[in-house]
Amino acid sequence: MNWPRALLTDSGGFQMVSLLHLADITEKGVTFQSPVDGKPMLLTPEESIQIQNKIGADIIMALDDVVKTTITGPRIEEAMHRTLRWIDRCIAAHKRPHDQNLFGIVQGGLDPVLRDICVRGLVDRNLPGYAIGGLAGGEDKDSFWRVVAQCTATLPEDKPRYVMGVGYPLDIVVCSALGADMYDCVYPTRTARFGTAIVPEGVLKLKHKAMAEDTRPIDPTCACMVCKNYTRAYIHSLVTKDAMGSQLLSFHNLYYMMQLSRNLHSSIVQGKFPEFVCNFLQKMFPKGDIPEWVCNAMEVAEIDISSCCAPFRYIQATKVQSNLNEDEIQAV
Amino acid sequence: MKFVVKAWSNGGARAGILHLGTSTIDTPSLLLSTRKGLPHFISPDLLSCLPAPESRLLHVSPLHFLEGLSMKTISKIGGLHQLLGLHDHCFVAVPRDSIQCLPEANSTNKIGASFETPCGRLLIKPVEYMEMISSTRPELWATLADEVPAWVSDKRNKTSVDRTIKWLDECISISPASGAVFGAIVGGSSLEERRRCAQEVATRNVSGYWVGGLGLGESMDERPALLNAVIEALPEEKPRLICGLGLPEEILQGIAAGVDIFESTYIYHLTLGGFALTFPLDRTQINASNLVPSDVGSDPRKINLRATVFRKDTTSIVEGCTCYTCRNHTRAYINHLLNVHEMLAQILLEIHNTHHFLGFFRLIRDAINAGRFEEFRREFVQRWR
């Protein structure tokens, strides 16, 4: 690749979830049907680590038994315990512990008890870093932030916490407030291929007919090559039709995410994080209609966002899994 | 626009200097093909890694913009340079784009020229075409032509010449203040009609000539006579542009006849197919008869990076090539990118192929300046037959 900067490889485990109908998960490992030639492939923890050792990335991920958060029942507990057994096999198979950092992945679905067992188990192995896995799969936001909050509260302070598969800028801001450090997501580039740009207000759909006459840049506050040189109108003429449209939008979206990270970092360093969060939320929710899950998460994170919330609003999230009982709901 | 012929080499081949916009380009030169003004794959930030100034001439078909962008909006933005964020490049507008805007001779009529495009069949009237020209403001533009393939009837062919001349006059009369105009010359595969058209257009007040209607079905054997019939009627001191000649041998044919600027889709098709140009650009290598022929496939001029033989080939596409792709990446990597359907493969290939093909043009100019173009052409054609 001729990439002189940092690299991280995943274990191949995510394919278990995304290609699940092709997978057979046993204690040995995961059997896939190869999408290339249809032959059965067995991915064991040992094999995954071996491949990652050869690729040589700076951070490598343990092979975990990951299940969708929308699944319920004993499978979640089975997967969590197996993840712990597999981490030991990963550690044993890891031939380059001095060049490559093996991160463990916390599983356990949405169950705080299972998550706790998993965190303790991984922390006992004294790994260089920890990922919070099994999220970003369609679970409701209220459950999502609570799992992240629980993990960041119990994982070691002095090691990176990587929330896998996250995500939307709002999710990243919330998780960062809760103490997470690293993220990965296909969102910026995937949404670019569908003609959508990420902007401070949320998203801008360049496919929309109104864009054809709009001679402003995608985001006037953005300093990227695309916003400095191109109009919404021109990008509109390219998106979904020409590869160059995907390229230019991907460029902007990635730049936006990099800038967001940079801003999160410097605002924390300068002691202005709450200000940054309020500013961010104000731009995204100018009417003050910040989703309840965000308000709750910020409360737990001890970030005061009352200045950007509209007063006395109880926001009904569409899929909220409310932990409040009847009396408590009345009181809000 | 200013054009000066600097050197001739046996036959019609000539080397010149074209001053266009802010650029000074040595001819014979290549126009890079674009889609809506930008290269098909090379992102704008990587354009600067191509050799300058020869990579700064871009071919644009104004018809591309009909899909999704109004001429009014383009005008409002300020024309192509503003629209595309390319201020150091020069735009040459020719209605036809040999990849996606092909002339549809059956539907062309006295009102306008028909083109088959991704947004359907379009009929373009001269006044509409001129609106596109005045909105996009290219440095150089060709007049609207009725291009017909080689197999049309004599009557249809004659009509195409009459129409093209009429449209030329219309376009010139609506002509915007800026931008150099090239008169279109057609005539199908009839020597008479070609001559007639060229003679007529030569009397018009244009800065140069666009030899149209070629690369539409005539054979390589027929072409030299047709080219000569046209060029003989044209003044020597004005530049000649041609579209639709792709292969290196066709380029050499055009140069031998006296053409100065070429628009070619060769690079695009190579890139899409996963091919990379590899024929040597070093004179000594071309002359050497002790070169071992490649045992990979039968075409030593290019390699197909999809081939499994490149899976572990950690050498660059061409050893010693200074393009971004060869300086940074290996054949194995591009093979991998092609296998996993990553767009980066096309980007890297388009960069290398453009760089390499521009290098070919440089060799041609060197040969002309040294007075040995015919020799160069013979050697090249023989070597790669």
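This is a short chat about a predicted model with chains A and B.

Me: Start with the sheet in chain A. What is the strand order?
Reply: The order is 1-5-6-7-8-9. Six strands form an open sheet, and the pairing is parallel.

Me: Which strands are at the edges?
Reply: Strand 1 (8-9) and strand 9 (182-183) of chain A. Each pairs on one side only.

Me: How many bridges link strand 5 and strand 6 of chain A?
Reply: Three bridges. Strand 5 covers residues 59-61, strand 6 covers residues 101-106, and they pair in the parallel sense. For a landmark, take A:Ile59: its bridge partner in strand 6 is A:Asn101.

Me: Which helix packs on that sheet?
Reply: Helix 4 of chain A, residues 112-124. Helix 4 touches strand 6 and strand 7 (129-132) of chain A. The direction of helix 4 makes about 160 degrees with that of strand 6.

Me: What comes between helix 4 and strand 7 of chain A?
Reply: A loop that holds A:Asn126. Check its backbone: A:Asn126 has a positive phi of about 50 degrees, although it is not a glycine.

Me: Is A:Asn126 buried or exposed?
Reply: Exposed, with a relative accessible area of 56%.

Me: Where is A:Thr240, and what is its phi?
Reply: A:Thr240 sits in the loop between helix 9 (232-238) and helix 10 (243-269) of chain A. Its phi is near 65 degrees, again positive in a residue other than glycine. A:Thr240 is partly exposed, at 48% relative accessible area.

Me: Switching to cis peptides. Which bond is cis in the loop after strand 8 of chain A?
Reply: The one from A:Val166 to A:Gly167, with omega near -15 degrees. A:Gly167 lies in the loop between strand 8 (161-163) and helix 6 (169-177) of chain A.

Me: And what joins B:Ala52 and B:Pro53?
Reply: A cis peptide bond, with omega about 0 degrees. B:Pro53 is in the loop between strand 4 (29-33) and strand 5 (57-60) of chain B.

Me: Now chain B overall. How many helices and strands?
Reply: Chain B has 13 helices and 16 strands.

Me: How does its radius of gyration fit a compact globule?
Reply: It agrees. With 385 residues, a compact globule would come out near 21 Å, and chain B has 21 Å. The C-alpha trace spans about 60 × 45 × 40 Å along its principal axes.

Me: What share of chain B is buried?
Reply: 60% of the 385 residues count as buried. Chain B exposes about 14900 Å², and carbon and sulfur atoms supply 50% of that.

Me: What about long-range contacts in chain B?
Reply: Take contacts between residues at least 6 apart in sequence: 69% of them join residues at least 24 apart.

Me: How is the 7-8-9 sheet in chain B paired?
Reply: Antiparallel, in an open sheet of three strands. Strand 7 (102-103) and strand 9 (120-124) are the edges, each with a single partner strand, so one side of each has no neighbour in the sheet. Five bridges join strand 8 (residues 113-117) to strand 9. In that pair, B:Ser114 has B:Leu123 as its bridge partner.

Me: Last topic: how many disulfides?
Reply: Zero, over all chains.

Me: Why no bond between A:Cys222 and A:Cys224?
Reply: Because their sulfurs are 3.7 Å apart, too far for a bond. A:Cys222 is buried, at 12% relative accessible area.

Me: And how far is B:Cys101 from B:Cys119?
Reply: 7.6 Å between sulfurs, also too far for a bond. B:Cys101 counts as buried, at 1% relative accessibility.

Key:
Residues are numbered from 1 along each chain as its sequence is written. Chains are lettered from A and ligands numbered from 1 in the order in which they are written. This is a predicted model: local features need pLDDT of at least 70, side-chain atom pairs count only at pLDDT 80 or more; totals for chains, interfaces and linings use all residues. Side-chain values use heavy atoms; hydrogens and water are left out. Two strands pair if DSSP finds at least two bridges between them. Helices (H or I, at least four residues) and strands (E, at least two) are DSSP runs, numbered from the N terminus. Contact means heavy atoms within 4.5 Å. Axes are lines fitted to C-alpha atoms, for helices over the stretch in contact, and angles run from 0 to 180 degrees between N-to-C directions. The radius of gyration is taken over C-alpha atoms; the globule rule is 2.2 Å times the number of residues to the power 0.38. Buried means under 20% relative accessible area, exposed over 50%, partly exposed in between (1.4 Å probe, protein chains only). Accessible areas come from the Shrake-Rupley method with a 1.4 Å probe; for residues, only the protein chains shown count as cover. A disulfide is a pair of cysteine sulfur atoms within 2.5 Å.
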